[in-house]
Amino acid sequence: MRNSCSTREWYRERIAKLDTSTEVGRRARLVFFATEGAFILRAFGFMNIDQQEWDEIFTDIEMFLSAKI
């Protein structure tokens, strides 16, 4: 339980640093969640993601952050 509390704090601190009253801040929050989600899916084996697909996912995430898609 103590570990999950510190993990929740860590995530909350990251999100608190974003200005979600702006479009850029909201995009950054979505990028953060997408990145974390992709990592968890791959790390826990919920999805088999090879290196090419992994690179493509993060290219898409970067493009979204810079509003190119």
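Leu-30 counts as partly exposed in this predicted model, because its relative accessibility is 49%, and a residue counts as exposed only over 50%. Leu-30 is found in helix α2. Its C-alpha lies 8.5 Å from that of Leu-65, although 35 residues separate Leu-30 and Leu-65 in sequence.

Helix α2 also contains Val-24. With a relative accessibility of 61%, Val-24 counts as exposed, since the exposed class begins over 50%. Val-24 is paired in space with Ala-67: the C-alpha atoms of Val-24 and Ala-67 are 8.9 Å apart, and the two residues are 43 positions apart in sequence.

A further residue of helix α2, which covers residues 23-43, is Arg-27. Arg-27 has a relative accessibility of 14% and therefore counts as buried, the limit for that class being under 20%. When residues up to four places away in sequence are not counted, Arg-27 touches Phe-64, Leu-65 and Ala-67. Two of these partners recur in the distances given above: Leu-65 is the residue set against Leu-30, and Ala-67 is the residue set against Val-24. Helix α2 thus supplies a buried residue in Arg-27, a partly exposed residue in Leu-30 and an exposed residue in Val-24.

At the level of the whole chain, the secondary structure consists of three helices, with zero strands. The order along the sequence is α-α-α. The radius of gyration is 14 Å, whereas a compact globule of 69 residues would have a value near 11 Å. The C-alpha trace spans about 35 × 30 × 10 Å along its principal axes. Among contacts with a separation of 6 or more, 28% are formed by residues 24 or more positions apart.

Of the 69 residues, 14% count as buried, and Arg-27 is one residue that counts as buried. The accessible surface of the protein chain amounts to about 5,500 Å², and carbon and sulfur atoms contribute 58% of this area. The charged side chains comprise 10 positive and 11 negative groups, and the centres of the two sets are separated by 9 Å.

Confidence in the prediction was also examined. The mean pLDDT of the protein chain is 91, and 94% of its residues reach 70 or more. Confidence is highest in helix α2, at a mean of 94, and lowest in helix α1 (residues 2-16), at a mean of 90. Predicted coordinates should not be read in detail where pLDDT is low. The three residues described individually, Arg-27, Leu-30 and Val-24, are found in helix α2, for which the mean confidence is 94.

Terms used:
Residues are numbered from 1 along each chain as its sequence is written. This is a predicted model: local features need pLDDT of at least 70, side-chain atom pairs count only at pLDDT 80 or more; totals for chains, interfaces and linings use all residues. Side-chain values use heavy atoms; hydrogens and water are left out. Helices (H or I, at least four residues) and strands (E, at least two) are DSSP runs, numbered from the N terminus. The radius of gyration is taken over C-alpha atoms; the globule rule is 2.2 Å times the number of residues to the power 0.38. Buried means under 20% relative accessible area, exposed over 50%, partly exposed in between (1.4 Å probe, protein chains only). Contact means heavy atoms within 4.5 Å. Accessible areas come from the Shrake-Rupley method with a 1.4 Å probe; for residues, only the protein chains shown count as cover. Lys and Arg count as positive and Asp and Glu as negative; His and the chain ends are not counted. The place of a charge is taken as NZ of Lys, CZ of Arg, CG of Asp or CD of Glu. pLDDT is the predictor's confidence in each residue, from 0 to 100.
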